[in-house]
Amino acid sequence: MTDFAAMLGALVRHDVAFIVVDGAAAIAHGSVRLTSDLDIVYQRTSPNLDSLVAALVDHQPYLRGAPPGLPFKWDKTTLLRGINFTLISSLGDIDLLGEIPGGGTYEELLPGAMELSVFGMRCRCLSLAQLIRAKRAAGRPRDLEVLAELESIQEEEKS
Amino acid sequence: MASKERDIDPVIEVYKKDLDLTLIRENLKLSVEERFLKAQELARFAEEMRRAGRQACHPES
């Protein structure tokens, strides 16, 4: 099970530039749906990749679902070779996304993102409108129920 | 763009009918931190129920 507070804490302590997206962002907006991982869009600048590596290095990150024993090395070179990484760690599951459909990269999402004050720290999270846009763009059947809930939350907040 | 966001999708409207709005309204009363803690508690409960279910179905394992 993912320890959201510890995971966010590791990222914030190392000054990682990231935005919380997907299920955890939905929880922040009031979703009652369960999520088992933390999904973030991270900035792909060289200093931020260093920060991201430092944030997770003590928590044994490894490719989720991959057989044990693969020569996976958690370092900047690995991050430069890919964009999206689905990882398991001692703090739980985390998905690192370079960009998301309907939203784009960290830089593209940042102006519309909101600041969360949670567990005694501050981090950025997709706004409800961004989250809805991203879910619509993803267009997966499993997102239909999520979209219905997010739109209902938006209507509740407007009412 | 903004008007497109408000476009009504008939499929999503069908899904909305099955939502329990009372649960959503209760969640909206909580702080963001309380929402995360509640989600973690639910995840812990779900994990325990899965474990108990496995044990009940396969008591010898």
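**Figure 1. Helix α6(A) passes helix α7(A) in a left-handed crossing.** A crossing is called left-handed if the near helix is turned anticlockwise from the far one by less than a right angle, and right-handed if clockwise. Everything here is a predicted model, in which local features need pLDDT of at least 70, side-chain atom pairs count only at pLDDT 80 or more, and totals for chains, interfaces and linings use all residues. Residues are numbered from 1 along each chain as its sequence is written, while chains are lettered from A and ligands numbered from 1 in the order in which they are written. Helices (H or I, at least four residues) and strands (E, at least two) are DSSP runs, numbered from the N terminus. The axes of α6(A), residues 128–138, and α7(A) come within 10 Å and cross at roughly 155°. Axes are lines fitted to C-alpha atoms, for helices over the stretch in contact, and angles run from 0 to 180 degrees between N-to-C directions. The two helices are therefore roughly antiparallel to each other; angles under 35 degrees count as roughly parallel, over 145 as roughly antiparallel, 65 to 115 as roughly perpendicular and the rest as oblique.

**Figure 2. Here are the residues where α6(A) meets α7(A).** Look on α6(A) for A:Leu128, A:Leu131, A:Ile132, A:Lys135, A:Arg136 and A:Ala138. Their partners on α7(A) include A:Val146, A:Leu147, A:Leu150 and A:Ile153. Two residues are in contact if their C-beta atoms, placed from the backbone, lie within 7 Å. The residues of this contact of α6(A) with α7(A) divide into eight nonpolar, one polar and four charged. For this sorting, Ala, Val, Leu, Ile, Met, Phe, Trp, Tyr, Cys and Pro count as nonpolar, Asp, Glu, Lys and Arg as charged, and the others, Gly among them, as polar.

**Figure 3. Helix α6(A) is mostly covered.** How many of its eleven residues are buried? The count is eight, and among them are A:Gln130, A:Arg133 and A:Ala134. A residue is buried if 20 or more other C-beta atoms lie within 10 Å of its own, exposed if 12 or fewer, and partly exposed in between, with C-beta atoms placed from the backbone. Just after the helix, A:Gly139 takes a positive phi of about 60°.

**Figure 4. Helix α7(A) also packs against helix α3 of chain B.** Residues 143–158 form α7(A), and residues 21–28 form α3(B). Their axes lie 11 Å apart, at an angle of about 60°, and the helices are therefore oblique to each other. This crossing is right-handed. On the chain A side you can find A:Glu149, A:Ser152, A:Ile153 and A:Glu156, which meet B:Leu21, B:Ile24, B:Arg25 and B:Leu28. The residues of this contact comprise four nonpolar, one polar and three charged.

**Figure 5. Chain B touches chain A through 23 of its residues.** On the other side, 24 residues of chain A take part. Three helices of chain B, α2 (10–16), α3 and α4 (32–57), each supply at least two residues of the side that touches chain A. Which of them gives the most? That is α4(B), with eleven residues. By class, this side of chain B has 14 nonpolar, two polar and seven charged residues.

**Figure 6. A:Val32 sits in a loop and contacts chain B.** The loop runs between α2 and β2 (37–42) of chain A. With 19 C-beta neighbours inside 10 Å, A:Val32 counts as partly exposed. Leaving aside its neighbours within four places in sequence, A:Val32 is in contact with B:Leu23, B:Ile24 and B:Asn27. A:Val32 and A:Val146 are 114 residues apart in sequence, yet 9.9 Å apart in space, C-alpha to C-alpha.

**Figure 7. A:Asp22 and A:Gln60 have positive phi values.** Most residues other than glycine have a negative phi. Phi is near 60° for A:Asp22 and near 45° for A:Gln60. Are these residues buried or exposed? A:Asp22, in helix α2 (residues 22–28), is buried, because 23 other C-beta atoms lie within 10 Å. A:Gln60, in the loop between α3 (46–56) and β3 (62–63) of chain A, is exposed, because 12 other C-beta atoms lie within 10 Å.
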